[in-house]
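Welcome, and please open your viewer. Could you load the model below and keep the selection tool at hand?

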Amino acid sequence: MTATTPVLDARLRKALGEQTIELPSWAFGNSGTRFKVFGTPGTPRDPYEKIADAAQVHAFTGIAPRVSLHVPWDLVDDFADLARHAKEHGVSIGMINSNLFQDDAYKLGSLTHADPAVRRKAVAHHVQCIDVMRATGSKELKIWLPDGTNYPGQDSIRARQDRLAESLAAVYEELDDDHRMVLEYKFFEPAFYHTDVPDWGTSLLHCLALGERAKVVLDTGHHAPGTNIEFIVAQLLRQGRLGAFDFNSRFYADDDLMAGAADPFQLFRIMHEIVEADALRPESGVNFMLDQCHNIEDKIPGQIRSVMNVQEATAKALLVDAEALDAAQRAGDVLGAHGVLMDAYNTDVRGLLADLRTEQGLDPAPMRAFAASGYLDKIAAARVGGTQAGWGA
Ligand code: LRH
Ligand code: MN
């Protein structure tokens, strides 16, 4: 196929126009590794400043209208006021993340702990998160468990699953009828022998046991190297149980680098499965979120770049000639079928997206426009004193 300049037709305009990507509040705070957490001039000191920075990403990309909060990192006295602040900045509150990985009580487990009192504490933490959902208008509770063991024999794998199922049911019970719960899996870390929700199958089994409003979160950094993530996407979509993505990228482990930076082809393959299953539509119920840490790069431009990477992968996936692909696949034309996909992947969509932004009244080049806005200098000058936000580990 000869390289042609893709046209922003009605189908693309609609699909790209209604795409939204949710941003993690914690990406705007300081983060790092066990070796070092670097501070940055202007880093937010509270959730209000985090949301103001997230709103910048939406202002320059037009597709990031929600901010996901993390409890207790984003605790405030008045969550309704925080939601009002978000609205004033043109965004809304998205998923509420619980935190079971920083409390001493959870050293040997939280929802899986052998001690019923510890499990009740962990369930109560989710009741607190559900109250935050009610106060902010959020409809989604996002749960990731660090729970696991470091040595064989340390605890009963089976008993922990039974305790987990019971605890999750107690949390699910607390949800309002219009609330959803999404359960995230991760194959290791901080536990190094077994993890209680290590893979999509385990998360799916617990979600099926809980009910219709429990779905799986797929964090792209939470798989063993070599895992075919788009296969998992296709399978979860077939079950109607893909609730959300935590997009990021990695070269080795849970590196939490910018989505599409380490492996743009993988992000494209994932979005191809989304488009092929017609799951890009907002009604599909799949929440596309970023879950990243900008340890050394500026955080707001890092989020803008990441949103653009997801948008570019989506535009390329929308350019796949579905008819030609289907025909080649049915004909067993291996190279033909592969070629159809690669033609879309190798298509430069930056011009098409620039046109879309211009039509939306946005600057066609968000990174350049944000840099020219002087916002980073403004916050560096204004945010002096206080404690910069971080993971507070
Ligand atoms: C766990 C995780 C989870 C969040 C945390 C910030 O690794 O991906 O989604 O709670 O990062
Ligand atoms: Mn995650």
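This short tour goes to a metal site and then to some cysteines. Bear in mind throughout that the model is predicted.

**Stop one: the metal**

Start by selecting the manganese ion (ligand 2), and add its protein donors: Glu184 (OE), Asp219 (OD), Asp246 (OD) and Asp291 (OD). They lie 2.1 to 2.2 Å from the manganese ion. Now turn the view around the ion and look at the angles. The six donor atoms subtend 73 to 171 degrees, so the arrangement is octahedral.

**Stop two: along the chain**

Next, colour the chain by position and find the donors again; their spacing reads E-x34-D-x26-D-x44-D. Take Glu184 and Asp291 as a pair: 107 residues apart, they link distant parts of the chain. You will find Glu184 in strand S6 (residues 180-184). Asp291 sits in the loop between strand S10 (287-290) and helix H9 (299-318). Switch on a surface, if you like: are Glu184 and Asp291 buried or exposed? Both Glu184 and Asp291 are buried.

**Stop three: the cysteines**

How many disulfides does the structure hold? The number is zero. Select Cys129 to see an unpaired example: the nearest cysteine sulfur belongs to Cys207 and is 17 Å away. Cys129 has 0% relative accessibility and therefore counts as buried, the cut-off being under 20%.

Finish by selecting Cys293, which is in no disulfide either. For Cys293, the nearest cysteine sulfur is that of Cys129, 19 Å away. Because its relative accessibility is 8%, Cys293 counts as buried.

Key:
Residues numbered from 1 in each chain as written. Chains lettered and ligands numbered in written order. Predicted model: local features only at pLDDT ≥ 70, side-chain atom pairs only at ≥ 80, totals over all residues. Heavy atoms only, no water. Disulfide = S-S within 2.5 Å. Buried < 20%, exposed > 50% of the residue type's maximum accessible area, 1.4 Å probe, protein only. Donors = N, O, S within 2.8 Å, 3.2 Å for Na, K, Ca; no water. Tetrahedral: all angles 85-135°; square planar, octahedral: opposite > 155°, others 65-115°. Helix = DSSP H or I, 4+ residues; strand = E, 2+ residues; numbered from the N terminus.
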